Every structure is written in structure tokens, then in C-alpha cells.
Amino acid sequence: MSTTGATADPLAALGNLPGVADSVESVRKAVDRVYGHRVMRRRSNEITSEAALRGARGSAALSGADWALEEVRRRSDFSGDDGARTVGAALRLTAEAGQLLSIWRQSPLRVLARLHLVAAADKAERVGRPRQAGEPVDEPLIDLPLPGAGEMHGRLEGLAGVVIAGGSAPALVTAAVVHGELLALRPFTSHNGLVARTAERIVLVGSGLDPKSVCPAEVGHAELGQDAYLKALEGYMSGTPEGMAAWIAHCGRAVELGARESTAVCEALQRGAA
């Protein structure tokens, strides 16, 4: 994890990067618009459920299983080919995220291990723990330099320490760093993208920015596209102020698009068309 300087609150400095404050404010306005919608006052559970489904679909799309929303809604068996298993993993992670909110700030590594276990749905030796030296990583859509196991473990511990310590950084900044660092490290032998995007969701919800989980950033990441996602991630991995700011802005835009999606669901429910 790179920051612009060593401070007691390393993420706070990122909030001062050019353009980041504007992204934070834009996200706050987008979230407020959803929460202010009249449908949210009486049917928020429906919006949350729909956001979960659409978020899972978006996350699966970024991991190579770009299914139509209605197909995800219709299917009940996700044990078939690789695409079906990816969609199933995304749905399980979305359901699990809400159960882990209270644990995240005290033990983020425990939460990440649990997320990988849920995603893999397997009892294999490599599941539910960070990879060890010499173990391969199956993350074919992220073809970027992979840190060695030693560096990965050190940085993962550092990320956990920052989460536990808390601080004054905006929720968007923390969520973007958690997401970016997990993609950069790819700490597990598989499903790292799905886990990273779920961790981003946990931060956004647990921070109070999106307490009802109705602004699925995964929808926005998928809408912005794989190429933009990887380009922004390269900026994060560069560690430069410009690259970090670009990644945070990209994550902010994804949250805004997720909020827009749920606003559209609210409008459809209001018209009686959903």
C-alpha cells in the first residue's frame, strides 16, 4: 500500500490528493439522492435486495461471467461451468458480506479468509488462507505484476493494521484502498477480484456511507468496463499521487453509478413497473 507520506493516519493524506475531495463530495450527493427518494422510506428492503443481486451480477461480470441480470435472477443452480460457478460465488459473497460487518474493524484478515472460503465453496488446503510461496494464483483477467508471498503477507498485515486503527479518511478513500490493495496483492490462490469488491462493499456499508447497502459499486465498475478498471488499477499499483487519485476517482464514479442504478429501481417501483 502506497501513500503520499508516513503519518499516523496514512489514508488521510490520500484525501488531500487533487480531485479526491471532489470525488468524495460527488459520491455523497449521489448517495443522498437515493436515500432521499420517497420509495426508500417504505420499501428500502426491496431496494437492498435488488442492489445485492445487481451488485453480484456486476462483480461476476468483472471476473469473466457477464450474464444478463434476468439470467442471474432466474437461475437456481450455479454448479455447472466456470461462468456459473463465478456467478454463484458472487451471489454467496454478497449474502455473506452483511454477516461480517461487525467483525471487519476488529479482524479484517479473518473476514477476508471467510470471504475466500465462501467464494471457493471448497475445503481444499489453499482455501481460506493467504497463499504461500510457490502457490499459483488463478486470476486470469488481472495480468499485472504479482508480489511474492513474503511481500504480500507484509502488506496484507499492514492493510489490516490500517483498518483496525481507523482514522479520519473518507469512506470512499478507505474503500478504494482496500479494494485496490487486495487486487494488487491477490492474496489468495483464486477469487481475489470477487473478494476485493466484496471488501469494498463492506467498507462502504460499515462506514455509514451506505448503511442499507443500496449503492452497489460493483454495478458501476462493470458499467465502466474491464479496460477502465485495469487501467485505474495500474494507477493504484504505480503508487504515484496521480495514479492513486485516479483509482479513488474511478471507485467514486463506480459508487455513483451504483447509486444511479438504485435510483432507477426506486423510480420503477414508484411507477409500479418493477
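This report looks at the pockets and salt bridges of the structure above.

It's a predicted model, where local features need pLDDT of at least 70, side-chain atom pairs count only at pLDDT 80 or more, and totals for chains, interfaces and linings use all residues. Residues are numbered from 1 along each chain as its sequence is written, and side-chain values use heavy atoms, with hydrogens and water left out.

**Pockets**

A pocket here is an open set of points on a 1 Å grid over the protein atoms alone, where a 1.4 Å probe fits, with protein on both sides within 12 Å along at least five of seven lines; lining residues have an atom within 4 Å of a point. Volume is the space filled by probe spheres set on the points, which are joined across faces, edges and corners.

The largest pocket holds about 660 Å³ of space. It has 31 lining residues, with Asp82, Thr86, Asp138, Ser190 and His191 nearest the centre. Elements giving two or more residues to this lining are α4 (82-97), α6 (108-120), α9 (192-206) and α11 (226-238); helices are DSSP runs of H or I, at least four residues, numbered from the N terminus. α4 gives the most, with six residues.

The second largest pocket comes in at about 310 Å³. Of its 18 lining residues, Arg105, Gly166, Thr174, Val203 and Ser207 are the closest to the centre. Here α9 gives the most to the lining, with three residues.

**Salt bridges**

Count a side-chain nitrogen of Lys or Arg within 4 Å of a carboxyl oxygen of Asp or Glu as a salt bridge, and you get 18 of them. Three pairs:

| Acid | Base | N to O distance |
|---|---|---|
| Asp32 | Arg28 | 3.3 Å |
| Glu71 | Arg74 | 2.8 Å |
| Glu135 | Arg129 | 2.7 Å |

Asp32 and Arg28 sit four residues apart in helix α1 (residues 20-35), about one turn of the helix. Asp32 is partly exposed at 41% relative accessibility, and Arg28 is also partly exposed, at 33%. (Buried means under 20% relative accessible area, exposed over 50%, partly exposed in between, using a 1.4 Å probe and protein chains only.)

Glu71 and Arg74 are three residues apart in helix α3 (residues 69-74), so about one helical turn separates them. Glu71 is partly exposed at 22%, while Arg74 counts as exposed at 59%. Glu135 and Arg129, on the other hand, are both buried.

There's also a salt-bridge network, which links Glu50, Arg54, Glu70, Arg73 and Glu261.
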